Amino acid sequence: MDLTFSPAEKAFRAECRSWLTAHAPHDLPSGDTREGFAAHLAWERKLFGARFAVVSWPEAYGGRGASAMEWLIFEEEYYRAGAPQRVTQNGIFLLAPTVFDFGTRAQQDQILPRMAAAQDLWCQGWSEPNAGSDLAAIESRAERDEPGGGWRLSGQKTWTTRGAFCTHLFGLFRTDPSAERHRGLTYFLVPLEAPGVTVRGFGRLDGDEGFAEVFFDDVFVHDDEVLGEVHQGWGVAMATTGSERGLTLRSPGRFLATAARLVDLARRSGDAAAPTLVDSVVADWIDAEAYRWQTFSTVTRMTDGENLGAESSLTKVFWSELDVRLHEHALALLGAAAELADADPHDWMKGYQFALSGPIYAGTNEIQRNVIAERVLGLPRR
Amino acid sequence: MRFAFTDDQLAFRDAVRDLLDRECPPAVVRDAWTNDTGRSGAAWAHLADMGVLGALASEAHGGLGLTLVDLVLVLEETGYAALPEPIVEHAAVTVPILEDSTAAAAGRVTVTAALDGSGLAPWADTAELIVLPGETGAAVLARADVALDRRESVDGARRLFAVHPRAGPQAVRPALGAFERGALGAAAQLLGLNERMLDLTVAYVAERRQFGVPVGSFQAVKHHLADARLGLEFARPLVYRAAWSLTHGDPDAAVHVSMAKAQASDAARLTGRQALQCHGAIGYSFEYDLHLYLKRAWALAATWGDARWHRAQIGQTLGLPSGSA
């Protein structure tokens, strides 16, 4: 056990801190609005220019070949500097690990550099009106187009985050309707400009146009745009949910930064803060630290070659519910001012609304608790 | 950064787990509720033979010259077994304090301590030495030089005594870090107790059938136990990290210990609550073993600073309003 950072890790942290402190924007509008998204793209391209967009990727694809530990360090510094959530996250954190694992060399060469540079912007096409947590219930189809050398997609995806602003979609479609639910699915990579695609943005609870529904009407996609094997999409997709629930999408840095802001708010509240509330604030701060150290332990195990599997469900429940508590306690500190967007330099009510989506997306926490019980603890499924 | 134990450390842990499986099954814990000493009998001598009691003592003093990073996993196992012995007070708290720990390392002398602020020392009536807070350090007294006043713990296998000195100490030693080692030791035992209660409950709900199915197949039961597992998952790394910080003299080690003890205490209480609920009526019976572990967890959650006390310490460090103190 060695809980110190190496000289190289310290130097990397210093480089991140220096650049991010100088350049991180603090006043961007929400990236889940049309005008905000454009502003965020400028920021994403600036990150790419400084080779901070995808530090853990190989240099050939715009990264630095950073280790998992260095990536965590980058994330800590990114959120510590107050930089905004990444509008490119569904591509760089969810799709990219799958492309690295399942993509052909040609797919990697074509997709990854443009993704890193925020030229192609990816959204996730999984959920459908009748398939949410029960993802294997999807009905959207892909029919074979032998003469064209590809597939024809039809159906509807929904709850597609930033779908109205993105250029590409990765999604699951049913290629073998006769197969049992989890089989006969294929993972497709779809340009949203393809003929037959209709994207309709719609408002989320927090008022931003962050959602979209995406309609496919006989949309042709080429065989090159299949990720992994035909009919093997479920396995490919599960690799991506591991990323989403686990540490790539929501690394500890984000919650450490929020906890630090909460502690600062509590400090400024002085003796107006009830002792029980101060106790809760400290408990949240400890939880953020607990997530950080649990992650260091996880990364050590990954580096040793261990496969984590269902444990990502533990992580997903923990960070998403911690995020809700952090915001609830901030709102409690604000008291009557909690409803105001400008009660504090940080808009806690807006953050609270976003935090409330955490226990829902990436598989509801009810489903995650089932996974923990069945696959981590070994309780009977039925 | 490498946050993992070595194979040697894990092997030491496994050896102690095997030993305690044999020497400290639930029957031994139950016996300690009513026997004359409140202790385990044979297990203590075996732990001395294995070097556990003197793990932190130097080799010159008959010890293994190990650190809290080595010992923390072993203490976790003593929690898993609900070992009725002052192992934390002896091996973690006082062995590093004694000028010559040879007899303590060999188990010829049992040392307990009342250093957590409660004034209470566990198993003091069978200890040869009792360590109390002194004005300039830790005061080491012989049992003959103190009066003991038995106090009833909720855990009947945890014999507690209020200690009143009748004569001066044999020695006064620097107590640096003694409290932190005690809180860390209790936190480690709470992890073990947590896991034991979870193991008992997982096994029970997989077997117990109602409405024609195992009760563990019901989502309400699954979610209770998933919450218990979550608490354990996010307490353990803080305990291991605090062990490392104490070992390496991290200037923030006391804060790290407070995080560990607060988190481990709350996590064990939650698991205890869920374990009892998921067992139903059988868990509420005295004959069933769950309460042996549940009550130890309640006791240890309260001792060496409870969760709120430790959070208040952290709050002061963070500069939070003093209302938390």
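# A tour of helices, rings and one buried serine

Start in chain A with Gly378(A), just after helix H11(A), where the residue takes a positive phi of about 85 degrees. The model on screen is a predicted one.

**Stop 1: helix H11 of chain A.** Step back from Gly378(A) and select residues 365–376 of chain A, which form helix H11. Which residues of this helix are buried? They are Asn365(A), Gln368(A), Arg369(A), Asn370(A), Val371(A), Ile372(A), Ala373(A) and Glu374(A). While the helix is in view, recall that an α-helix has 3.6 residues a turn, so residues three or four places apart point the same way.

**Stop 2: Ser140 of chain A.** Select Ser140(A), in the loop between strand E1 (122–125) and strand E2 (141–145) of chain A. Is Ser140(A) buried or exposed? Its relative accessibility is 1%, so Ser140(A) counts as buried, the limit being under 20%. Now show the side chain of Ser140(A). A polar contact of 2.9 Å joins it to the side chain of Glu128(A). The side chain of Ser140(A) also reaches the backbone nitrogen of Gln156(A), at 3.1 Å. Leaving aside residues up to four places away in sequence, Ser140(A) touches Glu128(A), Ser154(A), Gly155(A), Gln156(A), Lys157(A), Phe173(A) and Arg174(A).

**Stop 3: two helices from two chains.** Select helix H8 of chain A (residues 275–303) together with helix H10 of chain B (residues 253–279). Their axes come within 11 Å and cross at roughly 100 degrees. H8(A) is therefore roughly perpendicular to H10(B). Next, display the side chains at the crossing. H8(A) contributes Trp285(A), Ile286(A), Asp287(A), Glu289(A) and Ala290(A), while H10(B) contributes Val255(B), Met259(B), Ala262(B) and Gln263(B). By type, the residues of this contact are 6 nonpolar, 1 polar and 2 charged.

**Stop 4: aromatic rings.** Over all chains, there are 35 aromatic pairs. One of them joins Phe179(B) and Trp309(B): the centres are 5.6 Å apart, the planes are at 65 degrees, and the pair is edge-to-face. Phe179(B) belongs to helix H7 (residues 178–207) of chain B and Trp309(B) to helix H12 (residues 307–317) of chain B, so look for two distant parts of the chain, 130 residues apart, linked by this pair. Trp309(B) has a relative accessibility of 39% and so counts as partly exposed.

For the last selection, take Phe255(A), Tyr291(A), Phe318(A), Trp319(A), Phe354(A), Tyr361(A) and Phe234(B). Ring pairs link these residues into a cluster.

Note on methods
Residues are numbered from 1 along each chain as its sequence is written. Chains are lettered from A and ligands numbered from 1 in the order in which they are written. This is a predicted model: local features need pLDDT of at least 70, side-chain atom pairs count only at pLDDT 80 or more; totals for chains, interfaces and linings use all residues. Side-chain values use heavy atoms; hydrogens and water are left out. Helices (H or I, at least four residues) and strands (E, at least two) are DSSP runs, numbered from the N terminus. Buried means under 20% relative accessible area, exposed over 50%, partly exposed in between (1.4 Å probe, protein chains only). A polar contact is a pair of N or O atoms within 3.5 Å; within protein, one must be able to donate a hydrogen and the other to accept it, and residues adjacent in sequence count only if both atoms are side-chain atoms. Contact means heavy atoms within 4.5 Å. Axes are lines fitted to C-alpha atoms, for helices over the stretch in contact, and angles run from 0 to 180 degrees between N-to-C directions. Angles under 35 degrees count as roughly parallel, over 145 as roughly antiparallel, 65 to 115 as roughly perpendicular and the rest as oblique. Ala, Val, Leu, Ile, Met, Phe, Trp, Tyr, Cys and Pro count as nonpolar, Asp, Glu, Lys and Arg as charged, and the others, Gly among them, as polar. Rings of Phe, Tyr and Trp (its six-membered ring) pair if their centres lie within 6.5 Å; planes under 30 degrees apart count as stacked, over 60 as edge-to-face and the rest as tilted.
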